[in-house]
Amino acid sequence: MTVNYISHYAAAAAILIAGAAQAQEAPRVSVGNFGLPGLVDLPTARALPDAELVLTQQLHRTLERTGASFQILPNLGVAFRYSGHGEGGGEANGRLNHDRSFDAHLTLWREGRRVPGVAIGLRDFIGTGWYSSEYIVATKSVGQFELTGGLGFGRLAGRDSFENPLAKLSDRFSTREANVIGRGGTLGTINWFQGKASAFGGVNYALGDRVTLSAEYTPDLMRREAAYLDVSSPWNFGASYQLTSALRLSAQYLHGSTLSMAAHVALNPKRPPHGAGRETAPVPMRLRGFGAPTADQTDEATIRKVLAVDGFEVIALSEDADAIRLDVKNTRYRSTAQALGRAAATLQRFAADRVTRAVVVFREGGLQAASYAVDLDRAAAEQFGIATDGGLPAISTDDTETLSTREAAGARLTWGLSPYLTHRLFNPDLPLSVELGLEARAKYKITRNLSLDGAVRKSLATNLTENNRAGHGASRGIPTTQSDWGLYDINGQPGHIHRLSLNYADTLAPDIFARAHAGLLEPFWAGAGGELLYMPAGAPIALGLDIHRVRKRDYDMRLALRDYETTTGHVSAYIDAGGAFDLEVNAGRYLAGDWGATAKISRQFANGWEVGGYATLTDVLFEDFGEGSFDKGIYIKIPMDWLTGEPDRARRYFEIRPITKDGGARLATARQLYQQVRGARDAQLRRERGRLWK
Amino acid sequence: MTRKLLTLLAFATLAACASDVDMESGEVKALKLIKKKLDAPAGPAAYVDARKLVSREMIDAAGVPVLFVEIDRGQNGTMTQFPGVGVGETWLGSDGSTVTLERGTLKATRGVGDDLMGSETSRELSWDDPDPAPYTRSLAHLREDNQTQVREFTCTLTDTGESHTLELFGATFTAKLFRETCEGPGARFTNEYHVDASGLVRKGRLYHGEGIGYVTLERLDR
């Protein structure tokens, strides 16, 4: 299970609103009920636009299907969905069962003038295999018609099936091996494209810009649904309407018996609703030399004023013969490139003529996150430059000395009071449960590096307590680490300490960061520990080490602790070359005492979007882990400035973690340094170099 | 349950407060964002028309250079010259946007959204005796992936020979019309420059890019 926040819904709603109003038109690709290019239930060979994110909701009398799809690469799309099947059952909304499934859709080649596009796909290839099937499909456009034909395997080889033509290539395709599901969550039996095949086909017809009519002939006999679904026809029909650039609504008539509705919301990091964003202009740089007026003295007071107006907290400003050093906390710009350019422009304008070099040091929570040297003369020439080499000649990373910042911070006590909304997903009895409450937060900075930080929460309205499975579902043979989350939900109702810890963070050397903390670290765990991060400037790799001694908190989440105590720690490698994909690997000991590793891969977008997934394999056997076999999840980070078009450092975080068991459990607060500093480092700077002088 | 939840959420959000922006929760930020979107008027944005607010008397009384700027979708305003000597001549609007000109041609904009990050020509344009030979104009814009996209256009500058009278906010100016015609990847545009006897571009209709379209500039001070 996963806990998320109202802000996720709110941000999603905002995206819809923003998208409806201003998003650039997306190339239209009809999306089917499985969230990938399709007719109704069947696939087409189309590909979604690169990086397209589609949320799908389908509803009919015996089905509710919620899904999310993402076009990871221009030719590879993936989909995740959670479906409730049947009626008159004992699970939520009378469903007989709920099922998670994953699909992949690979475009082999795109449609040409004479040749159709061709794609292959796997449906429900991880998990229990409810929809287990594969396809090879071709699609060709003829005028307003989009014609599709294909071969289905597995579940898509039910009606009028015939010998598998792939058997001519290899005998292994002749007979389909039975699915061995185990505890789900794994690839299971690799029986892809095996066994009998059936033909399928259909057509999409574009009736104007907004309406698409669809008809398909499906070989799926719907045997799994036969007990509650009347399947009297192989034909499915649909009509969909593009209500806004982001939202598409569909009405369908399925299996000759059933009316169905579906909605698709399409977003794309590459289609910002507000273009490049709008902010006040940076300070124009001044002309030096060429007869322009001279400046003998640096105007420090104006520099401080301008930077403050531009959202920078000036921590230190010092000058020597020909260089000026500025230590700042950037509170406004998510893009470090943009922040650097604006700070440099201010220094260039108001520093004395003799100052030709600036060192801008970005500080984050007591850390010297990154420092850059700026050639001020070159910067002035580059600000309206037309350089096409992709370089940043005026900018270089700088291993400047760490400045002692152990002095007291400016504002010592900060606080906040606001609502919180958490939800949990994927409980078959309660697929979506929600809690609203009030959270009070306070932070007392003892020095810039040392602070006491805490939050208390009180639930106001909740149905998290209606969880009949609370305390059940522990992994076998290992200590309970997090599968008892339901007991925390219930016992924390009277009010609880969400976190309360003493935190220290420091930069030991220009590229070496350290952090230590102790107290009630997070809702389930108390203890002490720390981490180290070595992140050489300009290098694509960073290395980390973290270790904690922790004890499980009592279910009421006040001061009492439970008996279980353990040591957890990992060595980590982070790879970010400034390209499209990031990789993170953590190897070590997890909270249940199990040993293993977590791999996380994420696609990074230059505008701050991040879409990723992770999986943890430890020495806990799949059958002992329980349902899902091992810990895994997918997540999205959406920057607020992308949503609003205005500078904002915040990013909203959505995570889908299908199963929460005890194996592979990690301390959520164990590793924070990398996330804290990476946005300021040069890999991200290069990703967003176009914003430098914006 | 849902109604109770929403009511409570509304009250709780109204009661939300924080001593600084760092302590503002994600929930409150997101709800503020939604409120802002819902509060925004539907349909095209309405703009204050500077033509109705600014008079010739006000311009003359100001005694400083004033630039009127208007984009094709109707948004307009006046700008004053940013003090000091910069790279080009930078004008500052009351909304914090800037327009930078170089000898009356559009060099760059900032703070207008789809900013023109830079513009260069392969040779300096002359209003005195324009060279009829083609030259290149490069326009740089920010792409959606936050990289700079530079496009090169082949241009020619023509002196139309038309000397005419311009009326700008009640004052008349005599100017000659020059046309700069450019063609390049995915776009073809024509810039118009109305240049007075001193070589000052009194009025221009200049191509900014796909996002903004054309920008009209009028130099109002006498």
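**Hairpins in chain A**

I looked up strand 22 and strand 23 of chain A and found that they form a hairpin with two residues between them. The model is a predicted one. Nine bridges join strand 22 (residues 496–509) to strand 23 (residues 512–522) of chain A, and the two run antiparallel. I noted one pair in this ladder: A:T507 has A:F513 in strand 23 as its bridge partner.

I then followed strand 23 of chain A onward. A second hairpin, again through two residues, connects strand 23 to strand 24 of chain A. Nine bridges hold this antiparallel pair together, with strand 24 spanning residues 525–534. Here I recorded A:E531 of strand 24 as the bridge partner of A:R515.

**Five-stranded sheet of chain A**

I next examined an open sheet of five strands in chain A, ordered 14-15-16-17-18 with mixed pairing. Strand 14 and strand 18 (395–397) are its edge strands, each pairing on one side only. I read an average twist of 25° from one strand to the next. At one end of the sheet, strand 17 (residues 367–375) and strand 18 of chain A run antiparallel and are joined by three bridges. In that pair, A:Y372 stands opposite A:T397 of strand 18.

**Helix 2 of chain A**

Which strands does helix 2 of chain A lie across? I found that helix 2 lies across strand 14 and strand 15 of chain A, at about 155° to strand 14. The buried residues of helix 2 (residues 300–309) are A:I303, A:V306 and A:L307. These cover an arc of only 100° around the axis, so they fall on the same side of helix 2 of chain A. An α-helix has 3.6 residues a turn, so residues three or four places apart point the same way. I listed the packing partners of the buried residues of helix 2 as strand 14 (312–319), strand 15 (323–330) and helix 3 of chain A. The face turned away from the buried side carries the exposed residues A:A301, A:A308 and A:V309. Just after helix 2 of chain A, I noted a positive phi of about 85° at A:G311.

**Helix 3 and the cores**

I turned to helix 3 of chain A, which lies across strands 14, 15, 16 (357–364), 17 and 18 of chain A and runs at about 135° to strand 16. The largest nonpolar core has 83 residues, and A:L340, A:A343, A:A344, A:L347, A:V360 and A:V374 have the most contacts inside it. Helix 3 (residues 336–350) of chain A gives the most to this core, with eight residues. Apart from this core I located another, of 27 residues, including A:F34, A:L36, A:L267 and A:A606.

I checked A:V360 individually, leaving aside its neighbours within four places in sequence. Its contacts include A:L340, A:A343 and A:A344, as well as A:Y372 and A:V374.

**Sheet of chain B**

In chain B, I found twelve strands forming an open, antiparallel sheet in the order 6-5-4-3-2-13-12-11-10-9-8-7. Strand 6 (105–110) and strand 7 (116–121) of chain B stand at the edges; each has a single partner strand, so one side of each is left without a neighbour in the sheet. Neighbouring strands of this sheet are turned by 30° against each other on average, direction ignored. Within the sheet, six bridges join strand 12 (residues 201–209) to strand 13 (residues 213–219) of chain B. I recorded B:R205 opposite B:T216 in strand 13 of chain B.

**Confidence**

I noted that chain B averages a pLDDT of 87, with 86% of the residues scoring at least 70. For the complex, the predictor gives an ipTM of 0.89 and a pTM of 0.88.

Key. Residues numbered from 1 in each chain as written. Chains lettered and ligands numbered in written order. Predicted model: local features only at pLDDT ≥ 70, side-chain atom pairs only at ≥ 80, totals over all residues. Core = buried A, V, L, I, M, F, W, Y, C linked by C-beta atoms within 7 Å. Buried ≥ 20, exposed ≤ 12 C-beta atoms within 10 Å, placed from the backbone. Helix = DSSP H or I, 4+ residues; strand = E, 2+ residues; numbered from the N terminus. Contact = placed C-beta atoms within 7 Å. Pairing = 2+ DSSP bridges. Axes fitted to C-alpha atoms, helices over the stretch in contact; angles between N-to-C directions. Arc of directions from axis to C-beta. pLDDT = per-residue confidence, 0-100.
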